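These are my notebook entries on one structure. I record what I looked up, beginning with burial and moving on to the fold and a single side chain.

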Amino acid sequence: MMQFTTSVPLLPPIGPDGLRLLLDEDEDDAPKPSLGGSWPWRGRLLASAKTLGSFNTASCMEQLLVHFANAIESNDATLAQQILWVLNNIAPPDGDCNQRLTSAFLRALVARASRTGSCKMLTAVAARADAELALHLHRFSAIDLASFIDLTPWHRFGYAAANAAIAEAVEGLPVVHIVDLSTTHCMQMPTLINLLANRPEGPPLIRLTVSGLTTTAAPPILDMTYDELGSRLVNFASSRNVAMEFRVIPSDPGDAFDSLIEQLRVQQLVSEGEALIVNCQMLLHYIPEETVGVIASTMNIGPPMLSLRTMFLKALRSLEPTLVTVVDEDADFTACDVVRRLRSAFNYLWIAYDAVDTFLPKGSEQRRRYEAGVGWKIENVIAEEGVQRVERLERKGRWAQRMRATGFRSVGFTEEAAGEVKSMLDEHAAGWGMKREEEDLMLTWKGHNVVFATAWLPA
């Protein structure tokens, strides 16, 4: 357990220029009386500063966060508390995108350290940060959530790509059973209902099944029950002359949606001839992957877990679905080492902070809610371990390996589908783009991969 017991001098806040002067002092020089105390950690930070340049660069902030994480993991209380002070000076939570990103990671690392219960200072800091985060984790109405999601293509990209693929897969089929596994509470469905309502041969009967998550409560949070949501969706479909049935099955990614799979098997026995579509939108990475078993084994909790992701995909394959769409964020947050996760998440989630400047004004409540959601993800990646750490992203290539190993083959998106996605992106800032990667589509921000969209058929 980390013991933060070494007293640290109280230091007045200074700007980056003053901080640089402090770190540039020779280590043998006595510290200035106005600052008080000693700076045994200065040499380590000075080396990073000289290598990385300005303290306000993303690379320098990332390296300082790595120093802080290493200090926490090695129980170096003095170094950890001093770097905390440095980062608080150079990364205000209301600064530019790099500063806000760094501030969010700093809060997550403080939360990680404070959960040992051994440092009153960090516990108090973490409590304030948790209170601020909770304040902005807003509970959305269905209309407000739909408007909120429309602000950015982060989710809309996957909606557009999957909807186009689904519409093509069920062309001419009279009954379509859609299993929606998503984190955004069926916000994709109204557009898909409209698309199917306009089929030349007439709309199909839609059976919509959703997983009512029993433990995972990641943002965005919906301020209504799924029964209420389902009633609204059925009424919406009716207004488009589409017959629709809605069903909620309590199930959770923690057990690879076991109860959902069993219910779908039973449904297939009594509903012959329906097309089964499984639409996976940024939810599959909540299924525990292999490193959870590694952690359990090292803690003597039990034998390493089987791959629940593989189990789920094999079970899904046994249902002989007409189409499976898999959309997720293209990053890897699965490392057991917190420093490796920090680097991976820092070099991916900067995109969320950089892009928000193009569609939400500074200081707006919507922006605070948006960044609170990103902050929740960062804290889960950094501060949590074991089954509580649910943000376990894998890159597109790894998901493709899993899909092929469990009996699926990739199906490419047509030019028409790609055109639909491009038309949607035209509604957003110029930094957003799309590229093809083999048969798949990839959302990009300033050329960097953000979200992938893939479609799969039984091999």
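Entry 1, cysteines. I first fixed the term: a residue counts as buried when its relative accessible area is under 20%. The model I consulted is a predicted one. I looked up Cys-97 and found a relative accessible area of 15%; because that value is under 20%, Cys-97 is buried. I then looked up Cys-280, which has 0% relative accessibility and therefore also counts as buried. For disulfides, I required a pair of cysteine sulfur atoms within 2.5 Å, and the count by this rule is zero.

Entry 2, the whole chain. I noted 17 helices and eleven strands in the protein chain. Of its 459 residues, 56% are buried. I recorded an accessible surface of about 19300 Å² for the protein chain, with 53% of that surface belonging to carbon and sulfur atoms. I also looked up contacts between residues at least 6 apart in sequence: 74% of them join residues at least 24 apart.

Entry 3, Arg-232. Where does Arg-232 lie? I located Arg-232 in helix H10, which covers residues 226-239. Its relative accessible area is 49%; since exposed requires over 50% and buried under 20%, I entered Arg-232 as partly exposed. Leaving out residues up to four places away in sequence, I found that Arg-232 touches Ala-142 and Met-224. Ala-142 is 90 residues from Arg-232 along the chain, and I noted a separation of 9.4 Å between their C-alpha atoms.

Methods
Residues numbered from 1 in each chain as written. Predicted model: local features only at pLDDT ≥ 70, side-chain atom pairs only at ≥ 80, totals over all residues. Heavy atoms only, no water. Helix = DSSP H or I, 4+ residues; strand = E, 2+ residues; numbered from the N terminus. Buried < 20%, exposed > 50% of the residue type's maximum accessible area, 1.4 Å probe, protein only. Contact = heavy atoms within 4.5 Å. Areas by Shrake-Rupley, 256 points an atom, 1.4 Å probe, with all protein chains shown as cover.
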